[in-house]
Amino acid sequence: MKASTPNDTMWDRVWLGAHLATMTGGAAYNTPGSGEELDELRDAALAVKDGRIAWLGSRQELDGMQWSAREITRAQGLWITPGLVECHTHLVYGGDRSNEFAARLRGATYEEISRAGGGIVATMKATRAATEDELLEQSLPRARALAAEGVTTLEIKSGYGLDLANELKMLRVAQRIGEVTGLSVVKTFLGAHALPPEFAGRQEDYVRHICDEMLPAVASAELADAVDVFCERIAFTQEQTRRIFARAAELGLPLRLHADQLSDGNGGEIAADCGALSADHLEHTSEQSLQRMAERGVVAGLLPGAFYYLRETKLPPIERLRQLNIPMAISTDCNPGTSPIASLLMAMNMACVMFRLTAAETLRGVTVNAARALGLSKDRGTLQVGSRADLAIWRLRHPEQLCAEVGVHRPVEIVLGSGSRSVESALRTRP
């Protein structure tokens, strides 16, 4: 792999002798036995300037160049991967729902809990009662747990306020999490998550409220980077979803969708028809929806944590996703009720064990494909010249260990654009 040499060869920092998992291959996934692996470059060098990757290639190529750097790191066989991209979370919320976990252990279903006033509405009450500072204090540990595992880009949804003031409050907290942690936070408005109590029996009125008042206000405040809808028989109908998406598109907001988790609601087809970036869950998605997703390039967001916590038995259609070359992204779905997991590495292991993804598919699912699900594939998720220098640096034999071994690995260092958090500062030396 060779990149053009920049005119200015004074770099900010260079890593020497590292192994790179660039994730730059053309395939959306790696089928078992394909041999493509992770687009690896061994005994390589990577240079950063002004928060961007300025050069990468073999040590032999670098030895033939005139270059200098303000800082040199002799990596000695460490692995560098793109910073991990967590593309679907609900991690800003108040309270907890451990009581629902106990109820499910006694046999209650997700739908039964929701219809009895639990689920999303229970979290709504706790979230509305919390101040912005209280929400930040409760949510930061979850964000920091993800960051400690190599996450550099983090998507956070609203959806537990369910009125304008509290939805905006959640989005402000998400923004503050980025400011406090240095993570790149992508904020998603999910006002169509559930029906709030004040609109009981008036779902159409609430949908009109979202379209006529909430969406314009959110767009005007510039607090959301995208809009999501929970399209499901216990949430919002297909027609209502299309209306909300149409209004969001008018306002210039990208789209994502909770699709076909509990039933086949043509969610994948709606996502494709409306130009959504991703359709997430997909356990019950139809063949017609999959065909449309393939045609329109919609990313399949796979959420093994929710599958695990709800003890589901119907798997997403993994083999058809492979056959149709639909990119697969992996996420924790971190939320208080159905996936209270703040570990992307755990979700990666679940994707391999329960969904039968290969390690290569899974690693692409938390880098290049997750970035694509957020509309950021031109800027992160791969190691290539011009991309943000969001890097995770690991002491590993091979990155497949990140999928296989749970609770063992943490990055040696995380680089966030022009900044970094060093775990072993002794690795860093001056030229």
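**Cavities and overall build: a quick tour**

Okay, let's start inside. The lining of the largest cavity breaks down into seven polar residues, four nonpolar and two charged. Before I go on, keep in mind that this is a predicted model.

So which residues sit nearest the centre of that largest cavity? They are His90, Tyr110, His193, Asn335 and Thr338, out of 13 lining residues. The space in there is about 110 Å³. And how many cavities of 30 Å³ or more do we get? The count is two. For anyone new to this, rolling a probe the size of a water molecule over the atoms is how you see where empty space is left.

Now let's step back to the whole chain. DSSP gives us 16 helices and 17 strands. The radius of gyration is 22 Å, close to the 22 Å from the globule rule for 431 residues, so the protein chain is as compact as a globular protein of that length. If you want the dimensions, the C-alpha trace spans about 70 × 45 × 45 Å along its principal axes.

On to burial and contacts. Of the 431 residues, 60% count as buried, and here that means under 20% relative accessible area. Take the contacts in the chain with a separation of 6 or more: 73% of them come from residues 24 or more positions apart.

Last, the outside. The accessible surface of the protein chain is about 16,100 Å², and carbon and sulfur atoms account for 48% of that surface.

That's my tour, thanks.

Notes
Residues are numbered from 1 along each chain as its sequence is written. This is a predicted model: local features need pLDDT of at least 70, side-chain atom pairs count only at pLDDT 80 or more; totals for chains, interfaces and linings use all residues. Side-chain values use heavy atoms; hydrogens and water are left out. On a 1 Å grid over the protein atoms alone, a cavity is a set of points where a 1.4 Å probe fits but cannot get out, and a pocket is an open set with protein on both sides within 12 Å along at least five of seven lines; lining residues have an atom within 4 Å of a point. Grid points are joined across faces, edges and corners, and a volume is the space filled by probe spheres set on the points. Ala, Val, Leu, Ile, Met, Phe, Trp, Tyr, Cys and Pro count as nonpolar, Asp, Glu, Lys and Arg as charged, and the others, Gly among them, as polar. Helices (H or I, at least four residues) and strands (E, at least two) are DSSP runs, numbered from the N terminus. The radius of gyration is taken over C-alpha atoms; the globule rule is 2.2 Å times the number of residues to the power 0.38. Buried means under 20% relative accessible area, exposed over 50%, partly exposed in between (1.4 Å probe, protein chains only). Contact means heavy atoms within 4.5 Å. Accessible areas come from the Shrake-Rupley method with a 1.4 Å probe; for residues, only the protein chains shown count as cover.
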